[in-house]
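Me: I'm learning to read protein structures, and I'd like to ask why things are called what they are called. Could we go through this one together?

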Amino acid sequence: MFKFEQYFPDEIIEQMKRQQVILCEVNDFALAVERWLQNKGITVSEIQKPDLKEKRYKEPFFVIADFKEQSAEKWQKKCESYYPGASVIKIVNPVEIRIEISGNCNLRCRSCQTGNHNPEVFSHKGRGFMTPDRYRKILDKIEIEYPDAVSVFFFICGEPFLNPHLKEILKITKEKGYQTVLSSNLSLKISWDKELLSLIDILKISVSGFYQEVYETTHNGGNIELVKKNMLRISELKEEHHLSIRVLIGYHLYVNNQGKDLTDMEKLCQKLGFIFAPVKALYFNLFYLSGAEPFPESAKKFIESYYPEPEKLLTPVPAEPELLRKPCRNRRDKLFIDWDGKVMLCEILHKNAVFEDYLTTDKKEIEEWRKNHAICQLCRQYGLDYK
C-alpha cells in the first residue's frame, strides 16, 4: 500500500495544523490524500482547483496530489509563482486500478462507447456482472503486483450500481484497505442505506444538465429528476449518519448546457455539500477519431450539434513529435479488468482489446501484450491518449 508517511513526517503534520491547507487538484488520488490527512487531524480547507491569481490565502500550505507528473509540476510552478516561499508538497502516484464490475449500462449516451460503438467489433450481448469470489481473487493478486495502489475505481463503461453483489464487493475492498471509488450516472432506482454509503469513499456522478430537456440530449435514456432525487437522498443520509463519503458531480460541458442548467446544478451542489466539477465533454471512440473508421452520419450530426469545436473532433490530426515521445500511462501504470476477469487494453470496447484472464496471466505478459498492440499504435499516432 502507498506510504503517505514518507511525504508527511510528524514535523510536517504539525506545521500543517497551523496553516491553511489547500488541495490543488480534484481526483481519486487527491481525495485519498485528503482522507489520510483527516485521519491525522488535518482539516483541508479547500478541495478545488484554486484560482491562485486572486491571492486570497494568508498562510497557505499547498498539497498537489496527482496521477500525472506533468500535471503536478504545472501546479507546483503556479503555486510557487503566485505564492513565493509558500509550503508546497507534491505527490505523484501513477498507479490506477479500474475494475468493471458491471458489464452493462442503463444508458446509451452518444458520446460514450456504450452508445456509439460499432456493433461489428463489440456487443453488449452476454455481458454480465463480476462475482464477489472472482473479485476477491483478483484483489489478492493486485495486492502483490501493484503495491502502490491506493484505490479501486469501479467503472470503465458499465454502471456499477447494476451489480447485485455491489455491497459485498465494496466490503472486500475495504477489508483490504483500499479506497472505493464509484462513477455512476445515478439515473436508476437505488435502495440507499447507511451501510451502502459507508462503504463508498468517493462517488462520482456524471450529469450534463439540470433540466430534462437539456440533460436527455446527451445523457441518452436518462432521467435527471431521478438523478436529483438520488442526490438528495445521499445528502440526507450523509448528514444524518455523519458519513465521510465524498460526492463529486462531473458536469459535462456541451454547447447547450452552460447557462441556467449549469448554474442551477452548481447551486444544488453547494446546498448538498457536493463538489461541483465542470469538465470538457469528450467524445470517446478511438476508431472514428483517428479516421480508422468513418464517422456514421448520426455521430457527425451529434458532434456538430453539441460540441463547441466539432471540426477538431471530425478531422483526424497526427500527433506532434513531442507528444509521441511521451509514454502512454495506460500501458505502464494502469490496470483495466473487465466484468469476467479478463484484462482490457484500456477503456476501449473492442473484441481485439481484450486479453487473457488476469488471474492466470503474469504482469509482464500483460505489459508485453500492450507494448506493440495495433490499437495502441493507432491511438498514439493521433495523440488520443493525451486528449
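Me: How many aromatic pairs does the count come to here?

Reply: Happy to help! Keep in mind that this is a predicted model. The count comes to 23 aromatic pairs. One of them joins phenylalanine 2 and tyrosine 7, with 6.0 Å centre to centre and 10° between the planes.

Me: Why is the pair of phenylalanine 2 and tyrosine 7 called stacked?

Reply: Two values settle that. Ring centres must lie within 6.5 Å to pair, and planes under 30 degrees apart count as stacked. With 6.0 Å and 10°, phenylalanine 2 and tyrosine 7 form a stacked pair.

Me: What makes phenylalanine 4 and phenylalanine 29 a stacked pair?

Reply: The reasoning has the same two steps. Their ring centres are 6.2 Å apart and their planes stand at 20°, so this pair is stacked. Phenylalanine 4 belongs to the segment before α1 (10–16) and phenylalanine 29 to helix α2 (residues 28–39), so the pair ties together parts that are 25 residues apart in sequence. Both phenylalanine 4 and phenylalanine 29 are buried.

Me: Which residues do ring pairs link into a cluster?

Reply: The cluster is made of Phe2, Phe4, Tyr7, Phe8, Phe29, Trp36 and Phe67.

Me: Why is phenylalanine 2 called buried, and why is tyrosine 7 called partly exposed?

Reply: Compare each value with the cut-offs. Buried means under 20% relative accessible area, exposed means over 50%, and partly exposed lies in between. Phenylalanine 2 has 8%, so it is buried. Tyrosine 7 has 25%, so it is partly exposed.

Me: How do you know that the charged end of lysine 141 sits over the ring of tyrosine 358?

Reply: One test is distance: NZ of Lys must be within 6 Å of the ring centre, and it must also be within 35 degrees of the ring normal. The charged end of lysine 141 is 3.7 Å from the centre of the tyrosine 358 ring and is listed as sitting over it. Lysine 228 has its charged end over the ring of phenylalanine 210, 3.7 Å from the centre.

Me: Which residues have the most contacts inside the largest nonpolar core?

Reply: That core has 90 residues, and those with the most contacts inside it are Ile99, Ile142, Phe161, Trp192, Met231, Met265 and Tyr283. Leaving aside neighbours within four places in sequence, methionine 265 is in contact with Val207, Gly209, Phe210, Ile224, Met231, Ile249, Tyr251 and Phe276. There is also a second, separate core of 32 residues, which includes Phe2, Ala30, Ile89 and Phe153.

Me: Where is isoleucine 224, and why is it called buried?

Reply: Isoleucine 224 is in helix α9. Its relative accessible area is 0%, so isoleucine 224 is buried. Beyond its neighbours within four places in sequence, isoleucine 224 is in contact with residues including Tyr211, Gln212, Tyr215 and Met265.

Me: How do you know that the buried residues of α12 line one face of the helix?

Reply: Start with which ones they are: in helix α12 (residues 297–306), Ala299, Phe302, Ile303 and Tyr306 are buried. Looking down the axis of α12, these buried residues fall within an arc of 95°, so they line one face of the helix. Glu297, Lys301 and Glu304 are exposed on the other side of α12. The cover over the buried residues of α12 includes α8 (212–218) and α13 (310–314).

Me: What makes the phi of leucine 186 and of histidine 242 worth pointing out?

Reply: Most residues other than glycine have a negative phi. Leucine 186 has a positive phi near 60°, and histidine 242 has a positive phi of about 55°. Leucine 186 lies in the loop between β7 (179–184) and α7 (194–198), and at 0% relative accessibility it counts as buried. Histidine 242 is in the loop between α9 (224–241) and β9 (246–253), and with a relative accessible area of 71% it is exposed.

Me: Why is the protein called as compact as a globular protein of its length?

Reply: The protein has 17 helices and 13 strands. Its radius of gyration is 21 Å, close to the 21 Å that the globule rule gives for 387 residues, so it is as compact as a globular protein of that length. Buried residues make up 56% of the 387 residues.

Definitions and conventions
Residues are numbered from 1 along each chain as its sequence is written. This is a predicted model: local features need pLDDT of at least 70, side-chain atom pairs count only at pLDDT 80 or more; totals for chains, interfaces and linings use all residues. Side-chain values use heavy atoms; hydrogens and water are left out. Rings of Phe, Tyr and Trp (its six-membered ring) pair if their centres lie within 6.5 Å; planes under 30 degrees apart count as stacked, over 60 as edge-to-face and the rest as tilted. Buried means under 20% relative accessible area, exposed over 50%, partly exposed in between (1.4 Å probe, protein chains only). Helices (H or I, at least four residues) and strands (E, at least two) are DSSP runs, numbered from the N terminus. A nonpolar core is a set of buried Ala, Val, Leu, Ile, Met, Phe, Trp, Tyr and Cys residues joined through side-chain atoms within 4.5 Å. Contact means heavy atoms within 4.5 Å. The arc is that of the directions from the helix axis to the C-beta atoms. The radius of gyration is taken over C-alpha atoms; the globule rule is 2.2 Å times the number of residues to the power 0.38.
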